[in-house]
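Colleague: Mind if I poke at a few of the labels you've put on this one? I'd like to hear the reasoning behind each.

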Amino acid sequence: MPVNSHLDNKTLEELEKKYDSALNTRDNGPVLTRVIYWASICFALYHLWTAGFGTPVDHIHMGIHLSGLFLFIFVGFPLIKSARALEWPGARALAPGNVPLYDWILAGLGISAALFLWLSWRGFSGFGFDIDEQALRQGNPSGPDVFFGSILVLTVLEIARRTIGFVLPLIILVFMIYALFGPYMPAQILKHPGVNWQQFVNNMYFPSEGIFGVTLWVVSTVVFHFVLFGVVAQRMGLGQFFVDNAMILAGRYTGGPAKVSVISSAFFGTISGSSIANTVSTGSLTIPNMKKMGYPGHFAGGVEAAASAGGQITPPIMGAASFLMAEYLEVPYTTIVIAAIVPALMHYIGVMSIVHFTAKRLKLPTYTRDQLPNMVAVWKDGWYTIIPLIALLLVLFSGYSPNMAAFIGLNLCIVVGFCGMDRPLTLPIPLALLGFIFWKASPYSGEGYSPEMAGMLAALTILGSLHRNKRQSFRDLFDSFHVGVQYALAVGAASAAVGIVVGVINTTGVGFRLGFMVTGGAADMAATLAPLLDWTGLETFSHSSIQQFLSLVLIAMACILMGAGLPTTALYIMLVAVATPALNQLGVPPLATHMFVLYYGVISEITPPVCASAYAAAGIAGANPFRTGMSAFTLGLGKLMVPMVFVYAPTMLIVLPEYFTLLSFLQVSITCALGVFAIATAVSAYFMAPLNSVWRLLMAIGGILLVAPSGASDLTALVVIAPVIIQQLASLRQERAAA
C-alpha cells in the first residue's frame with residue numbers, strides 16, 4: 001500500500017500555530033474574529049492589486065502597510081503572551097473582543113502615526129496647526145511630526161517585541177542610545193557628536209531612511225507577495241505535489257524516508273522562504289515515516305530542520321533577505337537567484353550525503369515499490385499545480401519586477417486552484433486575467449509584455465482554467481490569504497523596527513566604525529600569528545591572508561551568535577552594515593559579502609540554543625529539542641563552510657564576470673562538492689564500510705582541504721584521503737568475503 005502522504009490543511013495549521021508564534025494569536029470572540037478575518041483578506045487583496053496595477057508613492061503605501069500591521073498585531077498579540085491571555089473569556093466591557101482598551105489605543109495611535117505623513121505631505125491646516133509641506137519640514141520637523149514620529153518609533157518597537165520577542169527591540173534600543181548619547185561613548189572610536197530627540201525622530205520618521213526606508217519598502221512591495229504566493233500555492237496542492245514527487249525520486253533508495261524529507265523540503269523551499277512552514281508542512285509526513293523506518297527521533301527531526309532551513313537560500317523564491325540584497329546591491333533579483341544556485345546545491349549535497357551514509361551504517365530499510373506513489377497517478381492528479389510556479393519564473397527571469405511575477409503567480413494560483421468551466425460564476429477571474437495580460441501587451445500600458453510573453457501567459461491561464469481536476473472552495477482561498485497575512489506580520493514588524501537600526505547607521509556612521517574595529521582586531525591577531533608561521537613560506541599564512549580569514553571568522557561568529565532569537569532578515573540588515581566596510585577593505589566583492597552574511601544568518605536558525613525550525617521538528621518527532629538542534633546543525637555543516645569558499649573564490653557565484661571562468665568554476669565547485677561529501681562520511685562514521693575515529697579524522701581533514709579553493713590543498717587532500725580509501729576497499733572486500 002502507498003505510504004499516506006496526504007497533508008491536511010487544518011492539521012498543518014494547528015501544527016504551525018503550535019510552533020510558530022506568529023500564528024499563535026488570541027481568541028477575539030466570534031464578532032471581532034470575523035472582522036479581523038475579512039480585514040486581512042482586504043489587506044491581501046490591496047497588495048495583490050498594487051502589484052499588478054501600480055504601487056502608490058512610498059509614504060502612502062508603507063503607511064497603509066504599517067497600519068495593517070498595527071491593527072492585526074495589537075488586536076491579535078497580547079502584551080504578555082500566556083494561555084490565559086490567548087483564551088476567549090467572554091464579553092468584557094473593558095476588553096472588547098478580548099482586546100484591552102490600551103491595545104485599542106496603541107493600535108489607533110500607531111495607525112494615526114503611519115498615515116499622518118499621507119495627510120500632511122502637501123501641508124496641513126486645521127485643529128490649530130499650520131504645517132508646511134514635507135519638503136520644507138525635512139530637517140526641521142514640526143511639533144506634530146515629532147509627536148507622531150515618537151509614537152511610531154515606540155509602537156514599531158512594541159509590535160516587533162510582541163511578534164518576535166525581546167532580542168531585536170533590545171538591540172535597537174542599544175543603537176538608539178548610541179545615536180542619542182554619542183559624545184559619551186567610552187571608546188574613542190565610537191564617539192560622535194550625537195543627535196537630539198527632534199533630529200532623531202526626523203531621521204527615523206521621514207522617508208528614505210529609518211522606518212520608512214528600503215527595508216519596509218521591499219517587504220511591503222515584494223516580500224509580502226511572495227509569502228502570500230507560497231501559502232496559496234502550497235494549499236492549492238503544490239506542496240503535496242512536491243512531496244509525492246520526492247517520494248517517487250528518492251523513496252526506493254538507501255535512506256529513502258530521509259531523502260524524501262530533503263528533496264521535498266528543497267522543492268518546498270522554492271516557493272516558501274519560511275523555515276518553520278517548510279518544516280511543518282513536509283515534516284508532518286516525513287518525520288513519522290523516518291521514525292517508522294528506524295531513524296532516531298532527534299536525527300529525523302534534525303534532517304527535516306536542516307533541509308527546511310535551506311529554503312531561505314534555495315532559488316528561485318528565497319527568503320525576504322534575498323530581495324533586500326537585490327535592492328541594496330542595485331542588481332536584478334535574478335542575479336541573486338543565479339548566484340545562489342551552486343551554494344544551495346552544496347548545502348543539499350551535505351545533508352543528502354550524511355543521510356545516505358547514516359542509513360548505510362544503521363542498515364535501515366527503504367520504501368518498497370508498493371509503498372510509493374504511482375508516478376502516472378501523481379502527475380495526472382497534480383500536474384496543473386505547477387502552472388503558477390512556471391508562470392512566476394517565466395515573468396521573473398524575463399526581466400520583469402518581482403512583484404509583477406508574484407502578481408501573475410498568485411492570480412494563476414487562484415485560476416488553477418479555485419476556478420473552472422464547471423463553476424461558471426468563477427469564470428470572470430480567468431477572463432479578467434486574460435484581459436490584463438493582453439492590456440499589458442498593448443502599447444497603452446507603457447512598458448508591458450512582449451507578444452511572446454503575453455502568448456505564453458495567456459496559454460497557461462487557459463490551460464489552468466480547463467483542467468478537470470478537483471477545485472477548492474473560495475473559503476479555502478480566503479483562509480490561505482488570512483494565513484499568508486499572519487505569516488507576513490512578523491517579517492513586516494521586524495523590517496519596520498530594523499529600519500531604526502539602518503537610520504542610526506546612516507546618521508552616525510557606526511557601521512564603518514564597527515567594520516574598522518573588526519578588521520583592526522583581526523589585524524592585531526594576525527600580527528601575533530604571522531611571525532609564528534613565517535617558516536612555512538606560504539602566502540596562505542601571510543599577515544594579510546590571516547587578517548582576512550580572522551575577519552571572516554569574527555563576522556561569521558557574530559552572525560551565528562546574534563542570530564539566536566533574531567529573524568534572518570533583521571540579522572542580515574544589521575550585520576551587512578558591519579561586514580560590508582570590513583570586507584571591502586580586504587577586497588571581497590560586495591555580492592560575496594552580502595551572501596556571506598545571509599548564509600551565516602540562516603545557519604543561526606539551526607544553531608542551538610535558539611533554533612525554531614529544529615524545535616518544531618522536535619515537537620513532531622517527540623524528541624529532545626536541544627539534541628534535535630545539534631543534529632540539524634551537524635547536518636548543515638556544508639552550509640557552514642560554503643560561504644568561506646565563495647568569498648575566497650567568487651567564481652562559484654557565476655554572475656561576477658571579473659572572477660568567473662569555466663575552468664575555475666568547475667574546479668572550485670567540483671572539489672567543494674567532493675569535500676562536503678568527504679566531511680559527510682566523517683560525520684556519519686561510514687563510507688564503504690564503518691569508519692573508526694582515526695579514519696574519520698583523516699576524512700574530515702581531507703574534506704576541509706578539498707573545500708578550500710586551492711589546487712595545492714586539493715592535491716594535499718588526495719594524499720590525506722588515499723589511505724582511507726585503501727582501508728575502506730579492504731574492509732569492503734572482507735565484508736563481501738564474509739557474506
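What follows is a short back-and-forth on those labels.

Modeller: Fire away, and keep in mind that this is a predicted model.

Colleague: What makes the chain as compact as a globular protein of its length?

Modeller: Its radius of gyration is 27 Å, and the globule rule gives 27 Å for 739 residues, so the chain is as compact as a globular protein of that length. The fold behind that value has 31 helices and 2 strands. Along the principal axes, the C-alpha trace spans about 95 × 70 × 60 Å.

Colleague: And how do contacts and burial look over the whole chain?

Modeller: Take contacts with a separation of 6 or more: 76% of them join residues 24 or more positions apart. As for burial, 58% of the 739 residues count as buried. The accessible surface comes to about 29,400 Å², with 68% of that belonging to carbon and sulfur atoms.

Colleague: Why is proline 650 called buried?

Modeller: Buried means under 20% relative accessible area. Proline 650 has 5%, so it gets the label. You'll find proline 650 in the loop between helix 28 and helix 29.

Colleague: Which residues does proline 650 touch, leaving out those up to four places away in sequence?

Modeller: Pro589, Leu656 and Tyr659. The cut-off for a contact is heavy atoms within 4.5 Å. There's also phenylalanine 660, which is 10 residues from proline 650 in sequence and 7.4 Å from it in space, C-alpha to C-alpha.

Colleague: On to empty space. How many cavities of 30 Å³ or more does the structure hold?

Modeller: Just 1. About 50 Å³ of space lies in the largest cavity, which puts it past that 30 Å³ cut-off.

Colleague: How do you know which residues line the largest cavity?

Modeller: A lining residue has an atom within 4 Å of a cavity point. For the largest cavity, the lining is Gly350, Ile354, Leu637, Gly638, Met641, Val676, Ile679, Ala680 and Val683. Helix 15 (333–362), helix 28 (637–648) and helix 29 (662–684) are the elements that each give two or more residues. Helix 29 gives the most, with 4 residues.

Colleague: What classes of residue make up that lining?

Modeller: There are 7 nonpolar, 2 polar and no charged residues. Gly counts as polar in this scheme, and the lining includes Gly350 and Gly638.

Colleague: So helix 28 turns up in both stories?

Modeller: Right: helix 28 is among the elements lining the cavity, and the loop holding proline 650 runs between helix 28 and helix 29.

Key
Residues are numbered from 1 along each chain as its sequence is written. This is a predicted model: local features need pLDDT of at least 70, side-chain atom pairs count only at pLDDT 80 or more; totals for chains, interfaces and linings use all residues. Side-chain values use heavy atoms; hydrogens and water are left out. On a 1 Å grid over the protein atoms alone, a cavity is a set of points where a 1.4 Å probe fits but cannot get out, and a pocket is an open set with protein on both sides within 12 Å along at least five of seven lines; lining residues have an atom within 4 Å of a point. Grid points are joined across faces, edges and corners, and a volume is the space filled by probe spheres set on the points. The radius of gyration is taken over C-alpha atoms; the globule rule is 2.2 Å times the number of residues to the power 0.38. Buried means under 20% relative accessible area, exposed over 50%, partly exposed in between (1.4 Å probe, protein chains only). Accessible areas come from the Shrake-Rupley method with a 1.4 Å probe; for residues, only the protein chains shown count as cover.
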